[in-house]
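Trainee: Could you walk me through this one? I have not looked at it before.

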Amino acid sequence: MTGPLNVNEVIDGRYQIKSYIDKGGMQYVYKANDLILKRLIALKTPQNPSAEKRFNRSAIVAAKVNHPNVAKTLDYFEIDNRQYLIEELIEGGDLEKIILQKVKYVDPYLVAKIFHYLAKGVAASHHVGVIHRDLKPTNVMVLSGLHVNSIKITDFGIAKMAEEELVEAIEDGEATISKSRTVVGALPYMAPEVISTPREVSFPADIWSLGAMMFELLTGNKPFGTGLIVIHKIIEAIPPEFPSFITNKAQFSYLSKKLIELILSCLQKDAATRPTADQLVEHCGTLCYPTTERYVGTVKEIRYNSWGFISNDEPDVFFNLDSVYGENPVNGSNVWFSKFPGDPNWRAHPVVCLK
Amino acid sequence: MLDLPKRYVPNGASDSGGFGSVIYCKDEHLDRPVAIKFIREDSEKHRLMDELNALMLLRSKHVVQVYDIVKGESDSIGIVEEYIDGDDLSNSPIPKTSYEYYLKTLWQIASGIADIHGAEVIHRDIKPNNMKLDKEGIVKIYDFGLSRDEGAKAVTKGFKGTFGFAAPELIASGFVAFSRAVDTYAFGATAIVLSGLGLPDALQKIPPQPLPDNFMSTLPFKLTPDLASLITACLAPNPNDRPLMTHVRDLLSRHLLHNKHQALAVHNNKPLVLNSSKRTISLRFSDVGEIVIEYDGFRFYVSAVSGEVLINNQAVSVGKEIPKSCVVALGGSHRRANERQFITFDVSNPEVVL
């Protein structure tokens, strides 16, 4: 165990700690059992005084948002000078751990689905006046691993705290920025106005961050790179270039082009010209994407450099290289795919290589 | 004496009704208004807790949120709920202002009930007075204090509910078995009332009677035949003849999303887009097989087929709806690879805009 709490410790006569989950930049996260309502929940408690300062206020803000694509804040209380936040438990991991560490990039079908779900969650929060301010892959939770059955935005509360640290660091200059883990992690997804006028950030900052995240999923790269150099690139907001593999296959090009248009609309320097979250939900509603299940398997043979078979637990699945997004697999490559009934074999589409 | 946790500070307002009593408070911890509804804990405490737990997991836009449970006086418990500052749907002119608003209201109610049923809970007292419109004009269903789990224990002693909205199977003496179809019936009655027509005489009889033939044509709004028969089916005397609320929701959204869908087929390395401005595509592979897919504003379906055509490896017939995501094969499985063509077909997932 890590952090201030121990296994089996009961907080407030109600929440029994089961295990330590993780620590974000600001807080320790535990899995706990709600003894009254007999359910598992996530219990969060601040890591340091700067997190304590805003913990209560951020819980109040986060609790306003009620949407299937947002992790729900359930409760907040203070006991013996320690603050606790109770949140819906999401068993899985974040977008960074579950997806970006496993694949180089994500096919446009799944990007469209994730984009649509996140836009819906962000729209719900904007409707109740809540700005996330720190949307990034580690703040997006993915249920059931590579199956990506559901997506939930988390840490709305933390965002407001992170902002204070951000504002301080940005106003202090680059030396402070590079020392702050929170700031360095958030930088690649930060809108230009967050850097230039951090105290006047509004809803469009979330839209920019969504665009930046979707750029990363689709291409495997951060739109403006990493490190401190991104500050200058973001402020200039020169539209990032999309690698050619995204559009060079007929199977993907139509949807990819639509996604590129949407992503670029989010990454406009002038906050007022970015789409609203509602508009984004509507645009995403025109994208044609399947919600079929994803599987993981191993390529067992490729013939004539044009087609092959994937083995997993079920009978072998046929695939055509036209269905591969990005780099082609070789014999023995682990791949991530959806499949459709076929005879003599089911057909995989799309297919993406695992790292 | 009521010993409420200190975080809940009563604002002085309260209410009572058949279900028990409700007090309005401010939750000091999360700085928000809440309604705490006290109901008697009956012998089925576990069932009640299971059900409240299910409702607490619900993330529906159209159902008032249940936040927590507190202990009430002696044998009662308090359900801490989201407080909605808004008009009761029975007082709202909005559904009556246009056909579109009417359908949008019905769709929101159907979505809320479908979500409640998805959590395996029965509401049991669906009616316009138990729905509110919030500041953004979103319908929120509340007052599921009487609700019972579905299943073997779904029986009630005597009648608790609202005449005019209660299904015929509920209006009986003694132990009455019921299912989620009681909510479907009440939805049907609600749909008629919200049109501005008032409760039909047939539904006010005890027990309620079937609607007269062609009753739906007397509604202020001219419903399409499928929607008229949908609402009639909701009011079917036999609970087994009533549709699932997911079906009701989906049929309503089909109308609200009229002409809003897109479909994308990739054939011979070319994207083919189907939508309201391009309603037909033909997928053909020499003389092996051909399929014509059409969009009628509601669905994508097979309008003509000839030769060897399979969708997700199933035979194809004219009129059949195309699955939301599928592979179309031109050429049967007896053919060699170069004598077959495969086309991916995907449709968009538009949302109802409220």
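Mentor: We can take the fold of one chain, then the contact between chains, then a single residue. This is a predicted model, in which local features need pLDDT of at least 70 and side-chain atom pairs count only at pLDDT 80 or more, while totals for chains, interfaces and linings use all residues. Residues are numbered from 1 along each chain as its sequence is written, with chains lettered from A and ligands numbered from 1 in the order in which they are written.

Trainee: Okay, what is the secondary structure of chain A?

Mentor: Chain A has eleven helices and 14 strands, counted as DSSP runs numbered from the N terminus, with helices being H or I of at least four residues and strands being E of at least two.

Trainee: And how many residues does each chain bring to the contact?

Mentor: Chain A gives 35 residues and chain B gives 33 residues, where two residues are in contact if their C-beta atoms, placed from the backbone, lie within 7 Å. On the side of chain A that touches chain B, the largest share, four residues, comes from α10(A).

Trainee: Switching topic, where is Phe215(B)?

Mentor: Phe215(B) sits in the loop between α5 (201-204) and α6 (225-234) of chain B.

Trainee: Is Phe215(B) buried, exposed or partly exposed, and why?

Mentor: Phe215(B) is partly exposed because 17 other C-beta atoms lie within 10 Å; 20 or more would make a residue buried and 12 or fewer exposed, with C-beta atoms placed from the backbone. The C-alpha atoms of Phe215(B) and Glu73(B) are separated by 48 Å, and these residues are 142 residues apart along the chain.

Trainee: Back to chain A, how much of it is buried?

Mentor: Of the 355 residues in chain A, 47% are buried.
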